[in-house]
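Biologist: I am new to this structure and should be grateful for a close look at a single part of it. Please begin with one residue and its surroundings, and then place that residue in the wider picture.

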Amino acid sequence: MLGALLLLLGCQLAGEIAAGASGLPVPGPVLGMALLFGLLVLRERLRPLAPPPDKTALGPLVTALLVNLSLLFVPAGTGVVQQGPVLLQNGPGLLVALLVSTALTLAVTGWVFMAVARWVRR
Amino acid sequence: MSGLSGLWVYLAASPLLWLTATLAAYVLADRVSAACGRHPLANPVLLAVGLLAAVLLTTGTPYPTYFQGAQFVHFLLGPATVALAVPLWRNRREVAQALLPLLAALLAGSVTAVVSAVGIAWAFGAPAPVLAAIAPKSVTAAIAMGVASQLGGDPALTATLVISTGILGAMMAWPLLGALGVRDPAARGFAAGLAAHGIGTARAFQADPVAGSFAGIAMGLNGVVTAAIVPVVLRLFGL
């Protein structure tokens, strides 16, 4: 369990260092995700008979984190209590912008994905 | 009575109270959401944030005091993002097969998210710092706050807009995509992760593991693309 936690934190730390050193606008944890993915692919190549990651200590830890992913957004979300003045001044515009833009983004993304997937299959 | 208020003063400033309150609010919100049959309107993040905000406002607790306790939960966002590599690895064959639709949807979705958010807020007369704060609203909080603050947006306002977007997107994704006839779990998950970052990804994992993996990829890639296009779009609006 500790080894698995160290692996996650180590990948994140390496990602933060790479992001800081390269000056790319990519966040460290996203680079850490790419690094861990690369390590898993490499492990499969080098040790094809090793148990898959789900059968190691990494599996339960990852499941525990991702099952409760929603919880992790609660502290930042509660920051809404500080936004009274801005929300009073720009409330209606921001609400309409969030609602329409989010719906539009969902629709365009889902539709383009489906349309191109159909086109590729043909 | 003074003993009780003395205890409150002590506890209200300790990380333990607000960490426990965050977990308690979420456990309660999750039970309510489950009791409502996971109805999209009973979103657990929305319920938990509403409950905690009410407690902070009625007790007069400043947000920084609350965050001293809640930061332990907030910290786990980083490791959880790294952990998305595991479902991605599990579904690597599906992802490799869907590379072309994935890239096309990524570009179309990123541009739509930024241009429509900035355009509508601009039409309502929002000032430049608010436009900078809303531009990266669809990407995960850590990236969005960095992008916004580079362009003169307030990171705290950005966080609020990002979480609101996530909640709205998680509520809308399944009913809206269903109504549009998007039934493929990969397409649904990718749309949810792109439009509504981690909260959309959590919603996608609830529905289907393949949808969840595509949501995780969309969240990561959209963070990169959005960071690149936000400065360009803001310049188009004369900012």
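Modeller: The residue I have chosen is B:I134. The model is a predicted one. Leaving aside neighbours within four places in sequence, B:I134 is in contact with two residues of chain A, A:L94 and A:A97. From its own chain, B:I134 touches B:A117, B:V118, B:A121 and B:L161.

These contacts belong to a wider setting. The largest nonpolar core comprises 117 residues, and B:I134 is listed, together with B:A121 and B:F190, among those that have the most contacts inside it. The greatest contribution to this core is made by helix α11 of chain B, residues 155–179, which supplies 14 residues.

The two partners of B:I134 in chain A lead to the contact between the chains. Here 62 residues of chain A meet 92 residues of chain B. On the chain A side, the elements that give two or more residues are α1 (2–22), α2 (28–46), α3 (58–67), α4 (74–77) and α5 (84–121). Of these, α5(A) provides the largest share, 27 residues. In composition, the side of chain A that touches chain B has 47 nonpolar and 15 polar residues, and no charged ones.

The division of each chain into domains comes next. Chain A has a domain 1 that covers 1–70 and a domain 2 that covers 89–122. Taken over C-alpha atoms, the centres of these two domains of chain A are separated by 30 Å. Chain B, to which B:I134 belongs, has a domain 1 at 2–75 and a domain 2 at 81–236. In chain B the corresponding centres, again over C-alpha atoms, are separated by 26 Å. Six residues from domain 1 of chain B and seven residues from domain 2 of chain B make up the contact between them. On the domain 1 side of that contact in chain B, four residues are nonpolar, one is polar and one is charged.

A last feature of chain B is a pair of packed helices. Such a pair is described by the angle between the two axes and by the distance between the axes. Helix α12 of chain B spans residues 185–207 and helix α13 of chain B spans residues 209–236; they pack at an angle of about 70°, with their axes 6 Å apart. Because angles of 65 to 115 degrees count as roughly perpendicular, α12(B) and α13(B) are therefore described as roughly perpendicular to each other. Their contact is made up of 16 nonpolar residues, 10 polar residues and one charged residue.

Technical notes
Residues numbered from 1 in each chain as written. Chains lettered and ligands numbered in written order. Predicted model: local features only at pLDDT ≥ 70, side-chain atom pairs only at ≥ 80, totals over all residues. Domains from an automatic or database assignment. Nonpolar A, V, L, I, M, F, W, Y, C, P; charged D, E, K, R; others polar. Helix = DSSP H or I, 4+ residues; strand = E, 2+ residues; numbered from the N terminus. Core = buried A, V, L, I, M, F, W, Y, C linked by C-beta atoms within 7 Å. Buried ≥ 20, exposed ≤ 12 C-beta atoms within 10 Å, placed from the backbone. Axes fitted to C-alpha atoms, helices over the stretch in contact; angles between N-to-C directions. Parallel < 35°, antiparallel > 145°, perpendicular 65-115°, else oblique.
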